[in-house]
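Biologist: Please take me through one part of this model closely. I would like to follow a pair of strands and then see what surrounds them.

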Amino acid sequence: MSILVLAEHHDGHLAGSTASVVAAARQIVDSSGGDIDLLLAGEDVGAIAEQAARLDGVARVRVADHAVYAHQLAEPLADLLVALADDYSHVLASSSTIGKNVLPRLAALKDVAQLSDVLDVVSADTFKRPIYAGNAIATVQSSDALKVITVRTTAFDAVGENNSAPVEAVATVADNALSTFVGEELAQSERPELGGAQVVISGGRGMGNGENFQLLDGIADKLGAAIGASRAAVDAGFVSNDMQVGQTGKIVAPELYIAVGISGAIQHLAGMKDSKVIVAINKDDEAPIFQVADYGLVGDLFQILPELEQAL
Amino acid sequence: MKVLVAVKRVIDYNVKIRVKPDHSDVDLTNVKMAMNPFCEIAVEEAVRLKEKGVASEVVAVTVGPKAAQEQLRTALALGADRAIHVQTEAPVESLAAAKLLAKVVGEEQPQLTILGKQAIDSDNNQVGQMLAALTGRPQGTFASEVEVDGDTLKVTREIDGGLQTVALKLPAIVTTDLRLNEPRYAKLPDIMKAKKKPLDTKTPDELGVSVDSGLKRVAVEPPAERQGGVKVGSVDELVDKLKNEAKVL
């Protein structure tokens, strides 16, 4: 009963979400025993391996360093996981776009089901996961020999970094004749990453246009917050879609979530209703967002936002 | 080329669902059903490829109960040429759905298969990837742009940090994200015409696939309810409460 965790990394750094996936793996190990191995796949990932080795609870870091794993395309990564999976009872990854892309491919190749977006470990074979945009929580038991799981990282507290696990190379080189990387356009931001931020301030359709999103900048600066958006704001072209919070965007659970000009549709609430404190600023006092907000302020955001920036 | 597009019948996305009192499942009696929104986007993309002259035929397929015929007729009204219904009243998990679709892909041999990235009922985000694995085809998930270029498919994908473009060797599998397109509405004359388009029914038995799953749903509970909070009268009061009551500033 050992667990393989697919480490996630971007731009030469280990993603913060990996420490939360290891936390979920530790909960499984607590009930069933076994070791936790981390798989780090990519190109020139040596420096990241050192970061990964520090994560508490990790027995060893297995590194597959080859050009075929650059950009972490699903086809070669799934083949690599298939080659390693027989040594493990569970394979875990974050339910990020990488985890969601790769793990179902692995699951099907191993002829097992997958549990997506797990938010609670009941036992080594039973897990809780949200369905219907988080409006119901299903407890699901898997009888498959291999449990393939993506983890909702906001539901698990990241492990510490006081470890020094051994690092070893994995020689497996997948052969990928199916897909090639062409290019990417990554949004440049100095702000904290949306998924891991302690404070998030989000704008919705009420912002009116993309320029008005700058009204959030000063507040975000003062609070060290990430800036998010509702689907309506993204669809209207106000901001880029990687800022979308909700059922089909990012799931966040910060200490403080400030929703500005957001009505609070089911799909948006799915992405933020586990935040510790929710503040809603909206001129419609009937807006559904007020039903989940700890503190609501009814009024015109164009007056309130500058005042709030002043008051902080 | 032939395009296969998979659709799913789900609860309408505007419905506020209720969990059954015995916690066995979500209550679906007398609830409005519809085509999964991501599947609408998949159908739209397939039809646009046909309108561009890239696709010669669009085949819609669904796995589900008898009533799911409605969603196939919707796909036909939107522009699909014919439909295949893999009919089963049993609940079908992602892996079984992918196996059934893989059989259909094997029979139909489409160059391109388009699915939604996730169904809004189970929120799994698995079937397209599993289908790609089972058919040995490359996958372009969470697509916001698709371009056919000879025997290559260029797919722009929505990833966590922005956009990524990949080139896939056809035949391939694509799953749609929200911003791939704006689905059209079916017009009344097209809805009437769709009634005459061919719709083929198969069963999992005929396809030689078991719909058994390694997953068992033990319970379904409503999520923890948030306590409704208070409305404050001013920005100063809000900041004061966040500092002194909630202690998050």
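**A strand pair in chain A**

Modeller: Start with one pairing. V200(A) stands opposite A226(A) in β15(A). Keep in mind that this is a predicted model. V200(A) faces a residue of strand β15 of chain A, which covers residues 226–229. The partner strand is β14 of chain A, residues 199–203. The two strands run parallel, and 4 bridges join them.

What links with these strands to make a β-α-β unit? Helix α5 of chain A, residues 215–223, does. β14(A), α5(A) and β15(A) make up the unit, and the unit is right-handed.

Now look at the side chains of β15(A). A226(A) and G228(A) point one way. I227(A) and A229(A) point the other way. All four are buried.

Move on to another strand of chain A. β17(A) spans residues 277–282, and V279(A) is found there. Is V279(A) buried or exposed? V279(A) has a relative accessible area of 1%, and the cut-off for buried is under 20%, so V279(A) counts as buried. Its contacts include L256(A), Y257(A), I258(A), A259(A) and Y295(A). V279(A) also touches L238(B) and L242(B) of chain B. That list leaves out residues up to four places away in sequence. Next, compare sequence with space. V279(A) and G296(A) are 17 residues apart along the chain, and their C-alpha atoms are separated by 5.7 Å.

Step back to the cores. In soluble globular proteins, nonpolar side chains tend to be buried together. The largest nonpolar core here has 48 residues. Those that touch the most other members are I3(A), V5(A), L38(A), L40(A), L55(A), V61(A) and L92(A). Helix α1 of chain A, residues 17–32, gives this core its largest share, 8 residues. A second, separate core holds 41 residues, including V10(B), A75(B), A80(B) and A83(B).

Take L55(A) for a closer view. Beyond its sequence neighbours up to four places away, L55(A) touches L14(A), T18(A), A19(A), V22(A) and L38(A). V159(A), G160(A), E161(A) and N163(A) complete that list of contacts.

Finish with chain B as a whole. Chain B has 7 helices and 13 strands. Of its 249 residues, 53% count as buried. Its C-alpha atoms fill a box of roughly 65 × 45 × 40 Å along the principal axes. Among contacts in chain B with a separation of 6 or more, 70% are between residues 24 or more positions apart. The accessible surface of chain B is about 11,000 Å², and 49% of that belongs to carbon and sulfur atoms.

Conventions: Residues are numbered from 1 along each chain as its sequence is written. Chains are lettered from A and ligands numbered from 1 in the order in which they are written. This is a predicted model: local features need pLDDT of at least 70, side-chain atom pairs count only at pLDDT 80 or more; totals for chains, interfaces and linings use all residues. Side-chain values use heavy atoms; hydrogens and water are left out. A nonpolar core is a set of buried Ala, Val, Leu, Ile, Met, Phe, Trp, Tyr and Cys residues joined through side-chain atoms within 4.5 Å. Buried means under 20% relative accessible area, exposed over 50%, partly exposed in between (1.4 Å probe, protein chains only). Contact means heavy atoms within 4.5 Å. Two strands pair if DSSP finds at least two bridges between them. A crossover is right-handed if, with the strands pointing away from the viewer, the path from the first strand over the helix to the second runs clockwise. Accessible areas come from the Shrake-Rupley method with a 1.4 Å probe; for residues, only the protein chains shown count as cover.
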